[in-house]
Amino acid sequence: MIDSINEVIVLIRERTWKVGGEQGEGIDSTGEILAKVLNRRGNYIFAYRHFMSLIKGGHTNYKIRVKDTPVHYQGDDLDILLAFDQRSIEENWSELHNDSIIIYDSSKKEMQPLEGKSPTMAPIPITAMAKELGNEIIKNMVACGASAAALGLHPNDFDEVIEDLFGKKGEKVVDLNRQAFKKGFDYYKEKFNKSYPLPEPKGKGLYLISGNEMSGLGALLGGCRYLSAYPITPATEIMYWLLHHLPKFGGRVVQMEDEIAACIMAIGANYAGVRAATSTSGPGLSLMMEALGLAGISETPLVIFDVQRGGPGTGLPTKTEQSDLNEMLYGSHGEIPRIVLIPSTIEECVVYGKIAFDLAEKYQCPVIVGSDLFLGMSKKSSDTLNIDDLNVEKRYIISQEELDQFEKGAFKRYRLDVEDGISPRSIPGQRNGRYVALSNEHDEVGLEIEEPTLRKAMFEKRMKKLVGFDLGDLALEFQGNDDASLVLVAFGSVRNQLQEVLEHLQEQGKNAAMLIIKQLKPFPKDRVRVILERASRIVVVENNGTGQLANLILQEVGFHGKLEVQLKYSGNPFTVHEILHAVETKEGVVVR
Amino acid sequence: MTETAITMKDFRVSENPTWCPGCGDYTVLASLQKAVANIGLRPEEVVLSTGIGCSGKLSQHFGSYGFHGLHGRSLPIAQGVQIANHNLTVIAAGGDGDGYGIGMGHFIHAIRRNVNITYIVMDNNIYGLTTGQTSPTSAKGFKSKTTPAGSAEDPIRPLHLALAQGASFVAQAFSGDVKEMTEIFEAAIRHKGFSLVNCFSPCVTFNKVNTYDWFKEKLIKLSEQPDYKPQTHLEALNYINEHASLVTGIIFKQEGRRAYHEEILGASEIPPTDVDLTITPEQKKELLAPYL
């Protein structure tokens, strides 16, 4: 008996579960509870939130994919759908298959499957059972119980999480939740004998993290002690995270009246000497364009977190897209040195979030860290998160001792005779370091000028700062053989699906490789050229409609006529199937 | 090293301003230099953030740290500096176009935050640097290149707005009276919280209506009105309303209010600029614990 169970478990490599319903009825918290439980027992999970820009109604869902190895994306298929309404079945029908089960809330009425497939239908009066316990709101716990039974989990697995979540509200609330859980659990066990066992939990000490949380953590580790921001989906969680943590570390978070003020305040704070940032999404980034130029010409550090969403205008506030790249690269009038970093995994959000502050201070220029909704709001189990070595090693501000070496008034903030273009920066409060940070073109001390020779020299000094800038391993990542005939190219979150695509292709015996570019500006063109030159086929995969990365490669490196581009701009992330299909058949792929 | 007494010379720079002879901004510069020297502030303890326009050039001619930023954005810079390091004395300055046009949103919000800064608006009722266009404080009917038939709009009433929004210090000064302006600046800088000083600073080149003589004839000095002792914002508002805002002096002052840096979450004696950035391995462990 025991042997046969083990045999079954060994075969299970992955499992997918999703809860769907109207927004505002606890869909997210149902998913969050299960995600936490699975992560704690050592299951590798990836959790993706699908939601809408409204408070009540519509359709929202929370999907969890479980694997016996680290998982980077929510999966194409769906084994278990927990539906609170008929719309949830309709919206998610394409992911279901004949062996799927639809557990649905039968309290109000029966729900119907659609045509073409025959998943098992499992009616459970979830809301009615919650009402029996005296509180409809507890239906998400009933749903958790039913899900746990279907997934072959033990009720004890939930004890700790229930205690963590509701312990503060008292024993009565904890008990109520336990009862609700048990009701759902027992009902499923009693009525349905179908079990959908989970892959073996192989992880230890897994962290369940989102990109927005990791951006916040990265900022803190990078010495950020000031955030001025304006709330915007999907970036607000960075603000929440820093609001929760910065004050404990001596920092401050200010909610400003708009993104213009938020970004310019961050420049003011940086000028004063604190490492400061702002966080936003596309519409906010558009309002920060003038500030980018100000930081550039005044040579003031600035870090902007842009969590991209569907554009333009208000666009798709709750959907993922990678369409801000051009704006990050080129936005703002005039020409400035800037650094654009795009993390490609949730763990990388902490790394790039951290180094952004070192780089901004060192190079005295804006640094944009561009994640997206997919990375920002999804959660994954991580066994590679390691922050031990993320420390502020050095400050790049001139010391009082150095300033005292100058004759009174002789310090030149924008001195031109610096080989690397980086003129030492003083901060207010320091004696003998007086200067005016200037948004006009200026001379070495900070007086506005229009004299052509000086303008040229000052411009060149600024641009020189980033000549040859290359973050090495952090600039790009190549996976596969050097002689790979097919190279898949991407930036940002698409990497997560691409990782699986690559595994599939390699399993099929194809000599495929993957190039992920993370330092988008300055663009590591020479290294990209070497990689792309030796490939016979290049496919660029992007979550936008115009191929912004492909255009950048064409502009910086070349390969006209050789770049195949697959784009998606529906608001949803790619599925692995879509990319595989496009790579195999070239359907939907355009050649640039 | 013995510290020498601070004088206004410590706030001078070698370069000469590029304002027109007779420009009201000269008086603002001199009064501000005198005021900070009177208080005994050292140049390195002061930050002057300015916007764009003739007024914006003030920071280049003032011997403290400065930030000559973007049009309308002197306040977000100034607030960022002050909250980041509340040990500094932070002054923002700009013109009527800068502050009450493009920067209006920041003005109202800075008032409601009560950030401890002094905001000096050099109000000449016209855009000067761009050679004479109607500004937000130009009177209705005012003729300029952009309103050849006379402005069709009512002017902004900055004092009304500041009082209505509950500003903790509201004053008005006139470039024709350097002594009073200096006293007002001193009081404004000493005041803890947001201080507005609207300064009538005539544009001698492009504004032929709101001239020194025009102001001299019309302005009432509040210091000469012994009965003027407003207890509330509303009393002050009524008074300036009755006098078409043509008064100089401290219009309203609210003592004892806490400034933003004392109210904000995480408020502490130690400003963010002075925080040790070390995060210990134990702290890192604690930071990650909630994700297990």
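**Exercise 1. The contact between chains A and B**

Determine which residue of chain B forms a salt bridge with Glu257(A), and describe the contact between the two chains.

*Solution.*
Step 1. In this predicted model, the salt-bridge partner of Glu257(A) is Arg113(B), with 2.5 Å between the closest N and O atoms. The criterion is a side-chain nitrogen of Lys or Arg within 4 Å of a carboxyl oxygen of Asp or Glu.
Step 2. Counting over both chains gives three salt bridges between chain A and chain B. There are also 27 residue pairs in polar contact, both residues being at pLDDT 80 or more.
Step 3. On the side of chain A that touches chain B, helix α10 (residues 259-272) of chain A supplies the largest share, nine residues.
Step 4. Chain A contributes 72 residues to the contact and chain B contributes 52 residues. About 4900 Å² is buried between the chains, and 64% of this lies on carbon and sulfur atoms. Within chain A, the most area is lost to chain B by Arg252(A), Glu257(A) and Arg434(A), which together make up 15% of what that side buries.

**Exercise 2. A helix covered from both chains**

Identify which residues of helix α9 (residues 236-245) of chain A are buried, and state what covers them.

*Solution.*
Step 1. The buried residues of α9(A) are Thr236(A), Ile238(A), Met239(A), Trp241(A), Leu242(A) and His245(A).
Step 2. An α-helix has 3.6 residues a turn, so residues three or four places apart point the same way.
Step 3. The cover from chain A includes α8 (211-221), β8 (224-229), β9 (252-255), β10 (275-280) and β11 (302-308). Chain B adds α10 (281-288) to this cover.

**Exercise 3. A six-stranded sheet in chain A**

Give the strand order of the open sheet of six strands in chain A, and determine which strands stand at its edges.

*Solution.*
Step 1. The order is β16-β18-β17-β20-β21-β22 (chain A), and the pairing is mixed.
Step 2. The edge strands are β16 (476-479) and β22 (589-591) of chain A; each has a single partner strand, so one side of each lacks a neighbour in the sheet.
Step 3. From one strand to the next, the twist averages 25°.
Step 4. Strands β20 (residues 537-542) and β21 (residues 563-567) of chain A run parallel and are joined by five bridges. Within this pair, Glu542(A) has Leu567(A) as its bridge partner.
Step 5. Helix α18 (residues 495-507) of chain A packs on the sheet and touches β16, β17 (486-490), β18 (512-517) and β20 of chain A. The direction of α18 makes about 165° with that of β18(A).

**Exercise 4. Strand β10 of chain B**

Explain why strand β10 (residues 247-253) of chain B is described as largely enclosed, and identify its pairing.

*Solution.*
Step 1. Five of the seven residues of β10(B) are buried, so the rest of the structure largely encloses this strand.
Step 2. Strand β7 (residues 169-174) of chain B runs antiparallel to β10(B), with four bridges between them. Here Phe169(B) lies opposite Lys253(B).
Step 3. Strand β9 (residues 220-221) of chain B pairs with β10(B) in the parallel sense over two bridges. Lys221(B) has Thr248(B) as its bridge partner.

**Exercise 5. Two residues of chain B**

Is Asn124(B) buried or exposed, and is His233(B) buried or exposed?

*Solution.*
Step 1. The threshold for buried is under 20% relative accessible area. Asn124(B), at 12%, is therefore buried. His233(B), at 17%, also counts as buried.
Step 2. Asn124(B) is in the loop between β4 (117-123) and β5 (126-127) of chain B, and its contacts include Asp96(B), Ser201(B) and Cys203(B). Asn124(B) and Cys203(B) are separated by 79 residues in sequence, yet their C-alpha atoms are 5.6 Å apart.
Step 3. His233(B) belongs to helix α8 (residues 233-242) of chain B. Among the residues it touches are Leu163(B), Phe252(B) and Gln254(B).

Methods. Residues are numbered from 1 along each chain as its sequence is written. Chains are lettered from A and ligands numbered from 1 in the order in which they are written. This is a predicted model: local features need pLDDT of at least 70, side-chain atom pairs count only at pLDDT 80 or more; totals for chains, interfaces and linings use all residues. Side-chain values use heavy atoms; hydrogens and water are left out. Two strands pair if DSSP finds at least two bridges between them. Axes are lines fitted to C-alpha atoms, for helices over the stretch in contact, and angles run from 0 to 180 degrees between N-to-C directions. Contact means heavy atoms within 4.5 Å. Buried means under 20% relative accessible area, exposed over 50%, partly exposed in between (1.4 Å probe, protein chains only). Buried area is the accessible area (1.4 Å probe) that two parts lose on being put together, summed over both. A polar contact is a pair of N or O atoms within 3.5 Å; within protein, one must be able to donate a hydrogen and the other to accept it, and residues adjacent in sequence count only if both atoms are side-chain atoms.
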